[in-house]
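Reader: Please take one part of this model and look at it closely. I would like the packing of the interior, with enough of the surroundings to place it.

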Amino acid sequence: MAEKDKQRQKPAKELPVSFGSFTSKETWDLYFATKTADDFSEWYADWPQLRTLLARNLLYPFSVLASRPKTPPPTAVPPDQLRILVPACGDSRLSEHLYDVGFRNILNLDYSKEVIAAMLRRNVKQRPGMRWRVMDITNMEFPNESFDAIIDKGGLDVLMDPGFGQKYPNLYITKVKQLLKVGGKYICLTLGDSKMLGLLFQKFRFGWKMNFHAIDPEPSSKNHGQQTFMVVVEKDGSTVVYQISPLLDLRKYHVGQVHELVGILRREKGCRSVLMRSLDIFYPLQDVLAAGNLTELQPGRRLKLFLGEYGISILQFKSILLDAQRDSGPFSHQFLVLIVPKVRTLQWILSSEEGQWVFVKQFKVARLAIILLDTPHSCFTIEVIQHDLTPLVKHLTPGDEVPIQFVVASEGIKQREVLCEVVSALTGPVLVDDLIFEKLDDALIRYFPCKLLKIRRFVVRSMVQSEAFLSVDAPNESASEVEGDNVQAASKTKRKGKQKKGKHISRSTASTGEMQLCHNYLDSFHHNGIISGLMLIYLHLKGSTSSAGLVKTVVIGLKAGLLPMFMKNCLPCLHIEVVEVDPMIVDIARKYFGLVEDERLKVHITDAFAYLDKRAAEEVLAEEDHSLKLDILVVDVDSPLPATPLASPAICFIEGPFLTRAKHWLSEDGLLIIHLVTSFSGVRFPVYSSLKKVFSTILILHPDEDANDEVIFALKKDSPVTEEQLSAAWSKLAASLELQEKQGWEQRVVDSSKLIKLL
């Protein structure tokens, strides 16, 4: 008996492989191949601590458990008839214990063939009804609603390894939701990591009841640092939002773990309280599908849906689904998808319920799905959006054989001309085009009073990265002149006494006269955000410049060159160096977007790490000459990988090695600025965590919850920044801009600076 206890206690507290190896199937196979039949790993908690709580949750629904009957009532389904799935079973004895107390219909999965073979050999005689299969838990091949319970002992925790990214945890949870019957339960044993709990809370909001338990440690255990929790969710078969029931006494547990738990539980309870009161909810498509059949038309039905999730789509969409009113046929179409650009979403006919029904009648369609595009979608072409939407809207068709037809509401484009279309070996497909709109935004009309305004777009891999504005009378003296497809610097052409002709002549320019490109106007949120933070945090909060008198600034990533040109024109205190690895991008910025180098703006065509390390080496050779340090380092470079959850920056720029080196490259009062783009909230937290390990003071500029863009500011100095200091700096910035000669961009900077908050 003592020997059995020794075997049981020995493996309970150690994980089988190093954290960095969780993603390797080969490592797991090798690990399990070296183990004997009695050498097993019981993660987190043992059977005596789990038995009562686990059995109760398997046998009884939440409604019975909440009443706490003194005498257990008869179970609806006998234990031996409950279909139980144990994904990522490993060599845990949990399934064996369940089998021995009467739960005989158990299927165990793991993607290591070594451990499945070992567990099958061990149990084939003693537990002949137990089944074992080699399978990837993110792609479980079973019919929907196949199981009464899914018991996960550490499987989701493993998938939260950063090496897996966000895709596989999302795929796994989506599959779990599909495989459970109505009334079925997902029971997750976990260490309660905040990112993992955040994912669980988000995925099980609509139509799922949730309880949260703490597993009491073994009386003999000295491991008080890692508390095991049990999250139990029950499928309701509806889209109702239920509040979480945390059934635990937080006073008993580790202070650090409790602080994190209290925070995330409070936020989630607040979120659910808002949803429970709201009448304007967009329900996740997967939860609506779990609650009922969408293939059948229901006259007069109107549903607000949230489409897309990582691992299934690149983007996420808000959609309105409308089934035509009764007796409104005959129909010309069974199903249409109407894509509405952001510029049209606020119009009454598209934003109101009455207006949406008007479209159903006009199109004579049995079912209409309206897709409301927002700011994050403006970076993608309509072809990419349609491609991303196609597998999502297949779930909305009223029948398997009904074709999908897309209709796009007009953006009001009067004229479009492609100026350049090339493929770079480093960047991918690049396009430059000019657009003339039928109607302009009011803010643009105020800034550009001329009748003709062109918008020149810089598009990379179907994503709009920059937009420049050309007008007959651009409102800045340092504007660049346009002839044909080329942009020439006004000062350069005047010195030569005549203008250089480009290779092509733009028909629209030839007919309307000479146009100028404005470098004193930044349209994008993140460019204005970078300028706002740069001025607020560095120039006013820090209140210093380098010894040479100019603020030494390096921008990693050129794009169209609009940000560095704005810096040069509007912030004379900056000395700017831009690092761009792709020479083709530099040529495009010079030819089409008026990039001009001088003594205050230099462009280096090289790798960013090589350039910055060279600067650091020069500093060493100059015997730690601190005048070579950078005051401001801006990272504005997109990920080289398409369809990645982190669109910007490239992942190497938010990892520890770069951040540590960046801190070294910066001057004592230096500031690191990073443009972050992701449509998945779960991606942001690992980025914040990486930054916090290197920089103690971090601020963020995030416009709203629906925006993909945010700008992160990290200060080298360890001294904390207070809200009072931020407020004082903002007042100082607003006052100083008020005294300057107005150029039109100042108010946008002031407005953006108000959104900068401490992380």
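Author: The answer below goes from the whole chain to its cores, then to rings, charges and one loop residue.

This is a predicted model, in which local features need pLDDT of at least 70 and side-chain atom pairs count only at pLDDT 80 or more, while totals for chains, interfaces and linings use all residues. Residues are numbered from 1 along each chain as its sequence is written, and side-chain values use heavy atoms, with hydrogens and water left out.

Start with confidence. pLDDT is the predictor's confidence in each residue, from 0 to 100. The chain has a mean pLDDT of 79, and 77% of its residues reach 70 or more. Strand β1 (residues 84-86) is highest, at 96, and helix α18 (residues 507-512) is lowest, at a mean of 32. Residues 220-224 are below 50; this stretch has 4 contacts beyond near neighbours in sequence. A contact means heavy atoms within 4.5 Å. Residues 481-513 also stay under 50, with 58 contacts beyond four places in sequence.

Now the overall fold. There are 26 helices and 29 strands. These are DSSP runs numbered from the N terminus: helices are H or I with at least four residues, strands are E with at least two. Of the 759 residues, 53% are buried. Buried means under 20% relative accessible area, exposed means over 50%, and partly exposed lies in between (1.4 Å probe, protein chains only). Among contacts between residues at least 6 apart in sequence, 71% join residues at least 24 apart.

Next, the interior. A nonpolar core is a set of buried Ala, Val, Leu, Ile, Met, Phe, Trp, Tyr and Cys residues joined through side-chain atoms within 4.5 Å. The largest has 59 residues; Phe-458, Ile-531, Met-535, Met-567, Phe-593, Ile-673 and Phe-713 have the most contacts inside it. Helix α19 (residues 525-542) gives the most to this core, with 7 residues. Ile-531 touches Leu-522, Leu-563, Phe-566, Met-567, Leu-571 and Val-749, not counting residues up to four places away in sequence. Helix α20 (residues 562-570) is mostly covered, with 8 of its 9 residues buried. Among them are Leu-563, Phe-566 and Met-567, and also Lys-568. A second, separate core has 36 residues, including Met-135, Met-140, Leu-179 and Ala-214.

Then the rings. Rings of Phe, Tyr and Trp (its six-membered ring) pair if their centres lie within 6.5 Å; planes under 30 degrees apart are stacked, over 60 edge-to-face, and the rest tilted. The count comes to 12 aromatic pairs. In one tilted pair, Phe-212 and Phe-229 are 5.5 Å centre to centre, with 35° between the planes. This pair links strand β6 (residues 208-214) to strand β7 (residues 229-235), across 17 residues. Phe-212 is buried at 0% relative accessible area, and Phe-229 at 1%. Tyr-172, Tyr-186, Phe-204 and Trp-208 form one aromatic cluster.

Charges meet rings too. A charge sits over a ring if NZ of Lys or CZ of Arg is within 6 Å of the ring centre and within 35 degrees of the ring normal. Arg-104 sits over Tyr-99, 4.6 Å from the ring centre. Lys-663 sits over Phe-695, at 5.8 Å.

Last, a loop residue. Arg-301 lies between α11 (285-291) and β10 (302-307). Arg-301 is buried, with a relative accessible area of 13%. Its C-alpha atom is 5.8 Å from that of Leu-322, 21 residues apart along the chain. Beyond four places in sequence, the contacts of Arg-301 include Glu-296, Asp-323, Trp-357 and Arg-367.
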